[in-house]
2 protein chains.
Amino acid sequence: MIKYPNGMTYNGKKKKKQHLTSSELSISSANRGMELENLINQSNKYYRQKHICLVKKRPTSITVLKVDYSKGAKITNAFFEEKSTTDYNGLYKSRYIDFEAKSTKNRTSFPLKNITFHQIEHLKEVILQQGIAFFIIQFVIHNKIFLLDAKEVIEFYETSKRKSIPYDYFLTNGIEIELGYNPNLKYIDAINKKYF
Amino acid sequence: MIKYPNGMTYNGKKKKKQHLTSSELSISSANRGMELENLINQSNKYYRQKHICLVKKRPTSITVLKVDYSKGAKITNAFFEEKSTTDYNGLYKSRYIDFEAKSTKNRTSFPLKNITFHQIEHLKEVILQQGIAFFIIQFVIHNKIFLLDAKEVIEFYETSKRKSIPYDYFLTNGIEIELGYNPNLKYIDAINKKYF
């Protein structure tokens, strides 16, 4: 399945919005239910302005087949490529950091089916080169967001038969990331706790 | 001016290929005249396979306006965004590295006009966060490629009236990058000399 930048997904059969339903929104207030990507992007902007860290979302890879130059370089034929790396990478205290952010509406576990083989291979390489690699996982139902080290996710990915990580595992081994106004998601605090 | 992934440029008036002319190619043999981007991409692939470093080219940012889902998610209206960061970033020996690659056909200096204000701002931020930031500059006429620290390029960018860096400056202060078969461009050797 390919995920598009506007939050739409395409699995070859139908398209589906990944926004929350109204019943899910009813449990939310303030940042609750706000899309994880928006929380992270706002935080990245804040952290950059305050010179705390420099993290950017990787643009979605698009193969351009046709450009109409008569209309000021309008792309008229192109397609999305499948993701081969993570969504975010950057720099914090001279170290390279790399992470993928995922949201789940599951109550009891985080399913690993949306993580691709190439992303796992990429993260293994980051770990080998001594980068800081992790996942930011949002449990919408519990209104909790965790940082979990990529090594642990890879371990589950490669050994778990259910291809999921239990919610309880996050409570015990994850670092809960605090929500706030500025930044929306204090993920640097979680990085400090885990890696520095 | 916006640079497109296929090597075309668009300055609002005309489009122009950035490939070398046949007379420029006549001075070349082996890697000479091979496009700098190809040399770097081949080297990144080699370095990754050998677990030496993990550097990727950032995809070009494209704003997608219209997708035709009836044709398997074909993008039918989109446009290129202006570059706000560098072309490459990644990880080497736990450190974050970030660089921009440029080629010039000038004999006596490297013109800074193709480097954007946003790229300079981005590199300043990388330096502030203690990342490794540099430029890879190819002088096609001299058949030489140099690594030059971003601090020095920024210094020229902000103070030079001619908005260029003399070729002699590269000979004295740059690190010449050796060409080869595998990798095509031994830029890690140059990083080792300069930063490790």
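Start with both chains on screen and select the contact between them: 44 residues come from chain A and 45 from chain B. Keep in mind that you're looking at a predicted model. Putting the two chains together buries about 3800 Å², and carbon and sulfur atoms give 62% of that area. Now pick out Y69(A), I75(A) and Q129(A): between them they supply 18% of what chain A buries against chain B, more than any other three residues.

**What holds hands across the interface**

How many salt bridges does the rule find across the interface of chain A and chain B? The count is 0. Polar contacts are another matter: 11 residue pairs make them between chain A and chain B, with both residues at pLDDT 80 or more.

Next, color chain A by secondary structure and look at the side that touches chain B. Strand 2 (8-10), strand 4 (54-57), strand 5 (62-68), strand 6 (74-80), strand 7 (88-92), strand 8 (95-104) and helix 3 (117-128) of chain A each bring at least two residues to that side. Which of the elements gives the largest share? Strand 6 of chain A does, with 7 residues. If you color that side of chain A by residue class, you'll get 21 nonpolar, 15 polar and 8 charged residues.

**Strand 6 meets strand 6**

Stay with strand 6 of chain A and add strand 6 (residues 74-80) of chain B. The two run antiparallel and are joined by 3 bridges. For a handle on the register, click I75(A), whose bridge partner in strand 6 of chain B is A78(B). You've met I75(A) already, as one of the three residues at the top of chain A's buried-area list.

**N89, across and within**

Select N89(B), which sits in strand 7 (residues 88-92) of chain B. Is N89(B) buried or exposed? N89(B) is buried because its relative accessibility is 3%, under the 20% cut-off. Show its side chain together with that of N89(A): a polar contact of 3.2 Å joins the two. Then turn to Y96(B), whose side chain makes a polar contact of 3.1 Å with the side chain of N89(B).

Leaving out residues up to four places away in sequence, N89(B) touches N89(A) from the other chain, plus L54(B), V55(B), K56(B), R58(B), Y96(B), I97(B) and D98(B).

**On to E100(B)**

From N89(B), hop 11 residues along the chain to E100(B); the C-alpha atoms of the two are separated by 8.8 Å. E100(B) belongs to strand 8 (residues 95-104) of chain B. E100(B) counts as buried, because its relative accessible area is just 1%.

What does the side chain of E100(B) make polar contacts with? One partner is the side chain of K83(B), at 2.9 Å. Another is the side chain of K102(B), at 3.5 Å. To see the surroundings, select what E100(B) touches beyond four places in sequence: K83(B), T85(B), T86(B), D87(B), Q119(B), F134(B), F135(B) and I136(B).

**Backbone stops**

Switch to a backbone view and go to P183(A), in the loop between strand 13 (175-176) and helix 6 (187-195) of chain A. The peptide bond leading into P183(A) from N182(A) is cis, with omega near 0°. Now jump over to chain B, where P183(B) lies in the loop between strand 13 (175-176) and helix 6 (187-195). There, too, a cis peptide bond joins N182(B) and P183(B), with omega about 0°.

Back in chain A, find Q130(A) in the loop between helix 3 and strand 10 (132-139). Q130(A) isn't a glycine, yet its phi is positive, near 65°. K163(A) is one more non-glycine with a positive phi, about 55°. Look for K163(A) in the loop between helix 4 (150-159) and strand 12 (164-166) of chain A. K163(A) counts as partly exposed because its relative accessibility is 38%.

**Zoom out**

Finish with the whole of chain A, which has 6 helices and 13 strands. Of its 196 residues, 47% count as buried. Draw the contacts in chain A with a separation of 6 or more, and 63% of them turn out to link residues 24 or more positions apart.

Note on methods:
Residues numbered from 1 in each chain as written. Chains lettered and ligands numbered in written order. Predicted model: local features only at pLDDT ≥ 70, side-chain atom pairs only at ≥ 80, totals over all residues. Heavy atoms only, no water. Contact = heavy atoms within 4.5 Å. Buried area = accessible area lost by both parts, 1.4 Å probe. Salt bridge = Lys/Arg side-chain N within 4 Å of Asp/Glu carboxyl O. Polar contact = N/O pair within 3.5 Å; in protein donor to acceptor, adjacent residues only side chain to side chain. Helix = DSSP H or I, 4+ residues; strand = E, 2+ residues; numbered from the N terminus. Nonpolar A, V, L, I, M, F, W, Y, C, P; charged D, E, K, R; others polar. Pairing = 2+ DSSP bridges. Buried < 20%, exposed > 50% of the residue type's maximum accessible area, 1.4 Å probe, protein only.
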